[in-house]
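Work through these exercises with the structure open beside you. Try each task before you read its solution.

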Amino acid sequence: MEILIVFLIISGTFFFFIGVLGLIRLPDVYTRMHATTKGDTLGAGLLLLALILAQPLTLSTVKIVFIIIFIWITHPTAAHIIARASYHTNTSYVDETKHVDVSKEESNR
């Protein structure tokens with residue numbers, strides 16, 4: 001069990017590190033947001049899962065499960081809202097990014 005807990009802690013820390021590295025290295029707001037959201041969501045989930053396994057089943061375990069669910073719902077949702085706001089404010093993106101004009105797609109509905 002202790003090996004699994006250590007593996008989850010190392011994996012969660014790794015995903016946080018990758019998210020921070022993406023924040024520093026990637027060129028525009030969209031790619032940075034993608035890296036940090038994935039890193040935060042998966043990293044926090046793995047670290048909190050390690051906390052669940054490291055302690056006996058208590059009320060704190062239930063609270064941690066609710067925190068995991070909250071993080072898994074709110075982080076991707078917030079990233080989507082930020083990306084949508086960036087798109088509508090014409091935030092610049094790198095030239096290699098494939099551009100899809102969402103306003104034309106929305107008008108066809």
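**Exercise 1. Place a serine.** In which helix does S86 lie? Then decide whether S86 is buried or exposed, and list what S86 touches.

Solution.
- Step 1. Find S86 in the model, which is a predicted one. S86 belongs to helix α3.
- Step 2. Check the accessibility. S86 has 9% relative accessibility, and the cut-off for buried is under 20%. S86 is therefore buried.
- Step 3. Look for contacts, leaving out residues up to four places away in sequence. S86 then touches V29, Y30 and T91.

**Exercise 2. Describe the fold and its confidence.** How many helices and strands does the protein have? Which helix has the lowest mean pLDDT, and which the highest?

Solution.
- Step 1. Count the elements. There are four helices and zero strands. Along the sequence this reads α-α-α-α.
- Step 2. Take the overall score. The mean pLDDT of the protein is 88, and 90% of the residues reach at least 70.
- Step 3. Go element by element. Helix α1 (residues 2-25) has the highest mean, 94. Helix α4 (residues 102-107) has the lowest, 65.
- Step 4. Turn to burial and contacts. The protein has 109 residues, and 27% of them count as buried. Take the contacts between residues at least 6 apart in sequence: 63% of these join residues at least 24 apart.

**Exercise 3. Check two annotated spans.** Which residues does the UniProt annotation "transmembrane region" cover? How far apart are the end C-alpha atoms of residues 46-73?

Solution.
- Step 1. Read the record. The unreviewed UniProt entry gives this annotation to residues 6-26 and 46-73.
- Step 2. Take residues 6-26. This span is 95% helix and 0% strand. Its end C-alpha atoms lie 29 Å apart.
- Step 3. Take residues 46-73. Here the chain is 86% helix and 0% strand. The end C-alpha atoms are 15 Å apart.
- Step 4. Compare with the helix limits. Helix α2 covers 29-54 and helix α3 covers 59-88. The span 46-73 thus has to be read against both of these helices.

**Exercise 4. Map a pocket.** Which residues line the second largest pocket? Which helix supplies the largest share of the lining?

Solution.
- Step 1. Note the volume of the second largest pocket: about 150 Å³.
- Step 2. List the lining. It consists of Y30, T31, M33, H34, T37, K38, P76, A79 and H80.
- Step 3. Assign helices. α2 and α3 each supply at least two lining residues. The largest share, six residues, comes from α2.
- Step 4. Sort by class. The lining has four nonpolar, four polar and one charged residues.

**Exercise 5. Contrast T37 and N90.** Is T37 buried or exposed? Is N90 buried or exposed?

Solution.
- Step 1. Place T37. T37 sits in helix α2 and is one of the residues lining the second largest pocket.
- Step 2. Judge its burial. T37 counts as buried because its relative accessibility is 12%.
- Step 3. Find its partners. Beyond residues up to four places away in sequence, T37 touches H75, P76 and A79. The C-alpha atoms of T37 and G19 are 7.3 Å apart, with the two positions 18 residues apart along the chain.
- Step 4. Move to N90. N90 is in the loop between α3 and α4. At 67% relative accessibility, N90 counts as exposed.
- Step 5. Check the backbone. Phi of N90 is near 55°, a positive value in a residue other than glycine.

Methods
Residues are numbered from 1 along each chain as its sequence is written. This is a predicted model: local features need pLDDT of at least 70, side-chain atom pairs count only at pLDDT 80 or more; totals for chains, interfaces and linings use all residues. Side-chain values use heavy atoms; hydrogens and water are left out. UniProt positions are given in the numbering used here, feature names are shortened, and annotations may be inferred rather than shown by experiment. On a 1 Å grid over the protein atoms alone, a cavity is a set of points where a 1.4 Å probe fits but cannot get out, and a pocket is an open set with protein on both sides within 12 Å along at least five of seven lines; lining residues have an atom within 4 Å of a point. Grid points are joined across faces, edges and corners, and a volume is the space filled by probe spheres set on the points. Ala, Val, Leu, Ile, Met, Phe, Trp, Tyr, Cys and Pro count as nonpolar, Asp, Glu, Lys and Arg as charged, and the others, Gly among them, as polar. pLDDT is the predictor's confidence in each residue, from 0 to 100. Buried means under 20% relative accessible area, exposed over 50%, partly exposed in between (1.4 Å probe, protein chains only). Contact means heavy atoms within 4.5 Å.
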